[in-house]
Amino acid sequence: MSGASINYIDRRMINGVILINLKKAFDTVENELILKKLEALRWFGSYISNRTQQCYANEMLSEEKPITCGVPQGPILGPLLFLIYVNDLTTCTDYGITRMYAYDTNLTYSACNVAELQRQMGKDLEKLKTWLAANKLTLNIVKTEYMLIGSRQRIATQKEVLNLSVNGITLQQVKNAKCFGVTFDENLT
């Protein structure tokens, strides 16, 4: 959501945003895939490779098990590695503008009418689904939402309804959403 949305609202266009939520975003980063994406930075390999974990419970220590996926979440590098991992997500959309910060991602759209907005968002959702599968990430469909954004008049008189779904599950339309730590409403007030 940006200043561009306000310009489109001033031109009486309708805007849409898909607020993407990934299941266990940091925990599902595939080590081999991220290393391919980091080929120029081989030193990252030592940071995420050959890690193990063990559990201490009931006064017993389990045997060490190798960690084959996930990036450390505590250090500063965790969000950075995740962003590197998903950085090419921007290439998988034809119509939307992708905005990412750590695991917060949204796709924004503008069109003259809801039918065109539906077409653009639906096609990009299909491409997103393919990209997520190739990168072994899972969309949290229950928490992925969309919002229509426009002037008060445009939203109030809007009769058409978007029908966005993934894997047969309809995405929920919301009137406001928190994005990058800021709460936005459908009129950008």
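**View 1. Where helix H5 begins and what follows its end.** At the start of H5 in this predicted model, a side-chain oxygen of Asn-113 comes to within 3.2 Å of the backbone nitrogen of Ala-115. From there, H5 runs for 21 residues and reaches 30 Å from its first C-alpha to its last, close to the 30 Å expected at 1.5 Å a residue. Just after H5, look for Lys-136, which takes a positive phi of about 55°.

**View 2. The two sides of H5.** Buried in this helix are Val-114, Leu-117, Gln-120, Met-121, Asp-124, Leu-125, Leu-128, Trp-131 and Leu-132. Seen down the axis of H5, these buried residues fall within an arc of 135°, so they line one face of the helix. An α-helix has 3.6 residues a turn, so residues three or four places apart point the same way. On the face turned away from the buried side of H5 sit the exposed residues Thr-130, Ala-133 and Ala-134. The cover over the buried residues of H5 includes S1, H2, H4, S7, S8 and strand S9 (165–166).

**View 3. The largest nonpolar core.** This core has 37 residues, and Ile-18, Leu-22, Leu-117, Met-121, Leu-128 and Leu-162 touch the most other members. Strand S1 (14–20), helix H2 (31–37), helix H4 (77–86), strand S7 (104–111), helix H5 (114–134) and strand S8 (145–149) each supply at least two of its residues. H5 gives the most, with 7 residues.

**View 4. The surroundings of Leu-22, and another core.** Leaving aside neighbours within four places in sequence, Leu-22 is in contact with Phe-82, Leu-132, Leu-137, Thr-138, Leu-139 and Asn-140. Apart from the largest core lies another, of 7 residues, among them Leu-19, Met-147, Val-174 and Cys-179.

Technical notes. Residues are numbered from 1 along each chain as its sequence is written. This is a predicted model: local features need pLDDT of at least 70, side-chain atom pairs count only at pLDDT 80 or more; totals for chains, interfaces and linings use all residues. Side-chain values use heavy atoms; hydrogens and water are left out. A nonpolar core is a set of buried Ala, Val, Leu, Ile, Met, Phe, Trp, Tyr and Cys residues joined through side-chain atoms within 4.5 Å. Buried means under 20% relative accessible area, exposed over 50%, partly exposed in between (1.4 Å probe, protein chains only). Helices (H or I, at least four residues) and strands (E, at least two) are DSSP runs, numbered from the N terminus. Contact means heavy atoms within 4.5 Å. The expected span of a helix is 1.5 Å times one less than its number of residues. The arc is that of the directions from the helix axis to the C-beta atoms. A polar contact is a pair of N or O atoms within 3.5 Å; within protein, one must be able to donate a hydrogen and the other to accept it, and residues adjacent in sequence count only if both atoms are side-chain atoms.
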